[in-house]
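Me: I'd like to go through this one slowly, asking what each label rests on. Can we start by looking at it?

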Amino acid sequence: ENENGTRKIIRKNYSTATQERLHKVKTMSWSTLGATNMYELVQVPEGESENEWIALNAYDFFNELHMLFEFVYNTDAYNAIKKPGDGFPPGFQYRIKDTTKKKPKLVTATEYVDQMLTWIESNIENSDIFPDDDEHTFPPDFISKYVKEIFVKMFRIFAILYATFLPTMKELDVAQHLNTSFKHYVYFALQYDILPEEDELTPLKKQLSPHLSGYKEEKEAFLAGKKLKV
């Protein structure tokens, strides 16, 4: 964390092509959704390895989520969450592992988000999992063990943001950024088969549905070499 207690932005060095592709996605956060084919933007840049592309996007999603969470920090909606179980999507309560007890611990949604961001950060800063130099390589189970679990945690954070903080984010005029970040997340997860299992998706069924169909349509248009009219 930084000196003021906020979580730092994580930056990694990858190819210029990869950085340019991510810059295009970020630009969409502040422009009209659908103006660019998101399916095309989640493709691995030419000359980049798939693992490196997935790793860099994991860094980027982490940074996006911690920024979105900071938008709502200390707002009325944030401060209204006081007791364990508060702030989760209706019908859901995410829990954390408690090393002192057999059963996972129930916390508030804000505590859960903070602990999951800390957990994600500890993984992506571990060079044995996310290599940042030529001396380290991606582990064989990079996707199956690490990335998929990270994407589950990320989905849950999105679910909490939508369920509890969407009205606040609309007031702050950052809801569009949330929507674009989630769309990018869904397209990317579909492309690399790292979207969480069906039972995890229920809290965001409404938000998820147009992206599932949009991904399919854009994929078909992209593969057919046509421009999708929006």
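What follows is a chat about how the labels for this model are earned.

Reply: This is a predicted model, where local features need pLDDT of at least 70, side-chain atom pairs count only at pLDDT 80 or more, and totals for chains, interfaces and linings use all residues. Residues are numbered from 1 along each chain as its sequence is written, and side-chain values use heavy atoms, with hydrogens and water left out.

Me: What does the secondary structure of the protein chain come to?

Reply: Nine helices and two strands. From the N terminus on, the order is α-α-α-α-β-β-α-α-α-α-α. Helices (H or I, at least four residues) and strands (E, at least two) are DSSP runs, numbered from the N terminus.

Me: Why does Glu 218 count as buried?

Reply: Buried means under 20% relative accessible area, exposed over 50%, and partly exposed in between (1.4 Å probe, protein chains only). Glu 218 has 7% relative accessibility, so it counts as buried. You'll find Glu 218 in helix α9. Its C-alpha atom is 7.6 Å from that of Met 38, although the two are 180 residues apart along the chain. Across the protein chain, buried residues make up 49% of the 230 residues.

Me: How do you know that the span of helix α9 agrees with what it should be?

Reply: The expected span is 1.5 Å times one less than the number of residues. Helix α9 (residues 205-223) has 19 residues, so it should span 27 Å, and its end C-alpha atoms are indeed 27 Å apart.

Me: And which residues of α9 are buried?

Reply: Leu 208, His 211, Gly 214, Tyr 215, Glu 218 and Ala 221. Their arc around the axis is only 155°, so they sit on the same side of α9; the arc is that of the directions from the helix axis to the C-beta atoms. On the other side of α9, Lys 205, Lys 206, Lys 216 and Leu 223 are exposed. The cover over the buried residues includes α2 (38-41), α7 (175-191) and α8 (198-201).

Me: What makes Thr 110 buried, and what is it in contact with?

Reply: Thr 110, in helix α5 (residues 109-124), has 7% relative accessibility and therefore counts as buried. Contact means heavy atoms within 4.5 Å. Leaving aside neighbours within four places in sequence, Thr 110 is in contact with Phe 69, Tyr 78, Ile 81 and Phe 165.

Me: What makes the aromatic pair of Phe 61 and Phe 151 edge-to-face?

Reply: Rings of Phe, Tyr and Trp (its six-membered ring) pair if their centres lie within 6.5 Å; planes under 30 degrees apart count as stacked, over 60 as edge-to-face and the rest as tilted. The structure holds 25 aromatic pairs. For Phe 61 and Phe 151, the centres are 5.8 Å apart and the planes are at 85°, making the pair edge-to-face. It links distant parts of the chain: Phe 61 is in helix α3 (residues 50-72) and Phe 151 in helix α6 (residues 142-171), 90 residues apart. Both Phe 61 and Phe 151 are buried.

Me: Why is the pair of Phe 138 and Phe 142 called tilted?

Reply: Their ring centres are 4.7 Å apart and the planes are at 55°, so the pair is tilted. Phe 138 and Phe 142 are buried.

Me: How do you know that Lys 153 lies over the face of Trp 119?

Reply: A charge sits over a ring if NZ of Lys or CZ of Arg is within 6 Å of the ring centre and within 35 degrees of the ring normal. Lys 153 lies over the face of Trp 119, at 5.2 Å from the ring centre.
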